[in-house]
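Here are my notes on the model you sent over. I've kept them as numbered points so you can follow along with the structure open.

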Amino acid sequence: MTDHFEDDWKPQTALVHGGVQRSHFGETSEAIYLTQGFVYDSAEAAEARFKGEVPGFVYSRYANPTVDIFERRMCALEGAEEARAMASGMAAVTAALLCSVKAGDHVVAGRALFGSCRWVVETLMPQYGIETTLVDGTRIEEWKAAVRPNTRLFFLESPTNPTLEVADIAAVADIANEIGARLVVDNVFATPMLQKPLELGAHVVVYSATKHIDGQGRCLGGVVLSDREWIDEHLQDFFRHTGPSLSPFNAWTLLKGLETLPLRVRQQTESAGRIADFLAGHDKVARVIYPGRADHPQADIVARQMKGGSTLLCFELKGGKSEAFAFENALRIVKISNNLGDAKSLITHPATTTHKNLAEEARAELGIGDGTLRLSVGLEDGDDLIADVERALAVV
């Protein structure tokens, strides 16, 4: 039994009710279908289902009822025709990129990428004969200059990890459209609550659902969203045969996370803005980067394409690594972790964790110094968080 769904529902409603398929028991909460395979009424019915002549599930590596609900709900939120949920954010990124290109093709990517994303672009893809070029994602002229006759794909994060640079998604999409390429956007830092890349012209959106979508540090997950034609022609066979599928239990957990996503992001963004303002006036802080502030390098683009700042902020302490470590170690509420988007506030030193595999020159090029810290703001009281940060700064 599939619930009634309205296309004009607001996100808060769609994230509670969208895509629900109830069994004959009429359960309130979505069911978890922990099954590998499915049973058919007859040999003829099995043949018809495998041929695609009748709807239904055949194997949970291909599709699963609980995972299907999660995919439908993400489509309702993102405004996408189709989605494929995957085991992790990196599974989603890798699938979205590799299914789109072949040996001899060329990919242009923003250089400010999460470490594993950059490895896929810089190291993995060239191993399969795919040419790649990294550009400053905030400079449209570099995207244009990087285009070659064999360019088939653009890839960017916005805001970026960890320095929260913001690319003009619409402008990059225009370049992609001019040359017949696809633009893939990693929208993790903005979340679908603050930015809709498909509405801005992007062709494919990827998420690490591990982050805000789960939002409580419980499980891994990823999702790729696009139009139905691209998923059917490019992603589906790659997904079906390489097996990066999401487990039904994780899909159910992520569904529970989606129900509270708007509330969490709103609170986290409000607190992040307050902390950014506090840090910006502190004499031990060299710089603060937050998309909600007027001094953000791309403030005009932020105002144009985002509905709010971010749940994350980046700042740099004047004393380098030793003071950054002293600051982290002095925090009582904020926890040291490499994750983000959690209900708990988390602090990360990118140079020694998430981006440690980049050469020092590459980190410097991205603005990641030894004193750079990334703060993912959680659901704690904003006053308590500011007091915690203030106490930690006092020992630096």
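1. Let me start with a question: which strands does α9 lie across, and at about what angle does α9 run to β1? Bear in mind that this is a predicted model. Helix α9 lies across β1, β5, β6 and β7 (222-226), and the angle to β1 is about 25°.

2. Those strands belong to an open sheet of seven, with mixed pairing, in the order β1-β7-β6-β5-β4-β2-β3. At the edges sit β1 and β3 (131-135), each of which pairs on one side only. From one strand to the next, the twist averages 20°.

3. Next, the β3 end of that sheet. Strand β2 (residues 106-110) runs parallel to β3, and five bridges join the two. If you want one pair to click on, G110 has V135 in β3 as its bridge partner.

4. Another helix to look at on this sheet is α7 (residues 169-179), which packs on the sheet and touches β4 (151-157) and β5 (182-186). The direction of α7 makes about 170° with that of β4.

5. Now the helix pair α4 and α5. Their axes are 10 Å apart and they pack at an angle of about 35°, with α4 passing α5 in a right-handed crossing. On the α4 side the contact is made by M90, V93, T94, L97 and L98, and on the α5 side by S116, C117, V120, V121, L124 and M125. By class, that contact has nine nonpolar residues, two polar and no charged ones.

6. Then there are the pockets. The largest pocket has a volume of about 710 Å³. It is lined by 23 residues, of which G56, F57, A63, D68 and R84 are the closest to its centre. The elements giving two or more residues to this lining are α2 (43-51), α3 (65-78), β1 (82-86) and α9 (228-242), so you'll meet β1 and α9 again here. As for chemistry, the lining of the largest pocket splits into 11 charged, eight nonpolar and four polar residues.

7. The second largest pocket holds about 370 Å³ of space. Its lining also has 23 residues, and the closest to the centre are M90, F114, N161, S208 and K211. Two or more residues come from each of α4 (89-98), α5 (115-127) and β6 (204-208), with α4 giving the largest share, three residues. The class split for this second pocket is 10 nonpolar, nine polar and four charged. Note that M90 turns up both in this lining and in the α4 contact with α5.

8. What about enclosed space: how many cavities of 30 Å³ or more does the structure hold? There are three, and the largest has about 60 Å³ of space. Its lining includes G110, R111, A112, W143, L156 and E157. Across the whole lining, five residues are nonpolar, four polar and three charged. G110, the β2 residue paired with V135, is among those lining this cavity.

9. Last, the other sheet. Five strands form an open sheet with mixed pairing, ordered β8-β9-β12-β11-β10. Its edge strands, β8 (285-289) and β10 (335-336), each pair on one side only. Three bridges link β11 (residues 346-348) and β12 (residues 372-376) in the antiparallel sense, and T348 has R374 as its bridge partner in β12. Helix α12 (residues 320-330) lies across β9 (312-317), β10, β11 and β12, at about 130° to β9.

Key
Residues are numbered from 1 along each chain as its sequence is written. This is a predicted model: local features need pLDDT of at least 70, side-chain atom pairs count only at pLDDT 80 or more; totals for chains, interfaces and linings use all residues. Side-chain values use heavy atoms; hydrogens and water are left out. Two strands pair if DSSP finds at least two bridges between them. Helices (H or I, at least four residues) and strands (E, at least two) are DSSP runs, numbered from the N terminus. Contact means heavy atoms within 4.5 Å. Axes are lines fitted to C-alpha atoms, for helices over the stretch in contact, and angles run from 0 to 180 degrees between N-to-C directions. On a 1 Å grid over the protein atoms alone, a cavity is a set of points where a 1.4 Å probe fits but cannot get out, and a pocket is an open set with protein on both sides within 12 Å along at least five of seven lines; lining residues have an atom within 4 Å of a point. Grid points are joined across faces, edges and corners, and a volume is the space filled by probe spheres set on the points. Ala, Val, Leu, Ile, Met, Phe, Trp, Tyr, Cys and Pro count as nonpolar, Asp, Glu, Lys and Arg as charged, and the others, Gly among them, as polar. A crossing is left-handed if the near helix is turned anticlockwise from the far one by less than a right angle, and right-handed if clockwise.
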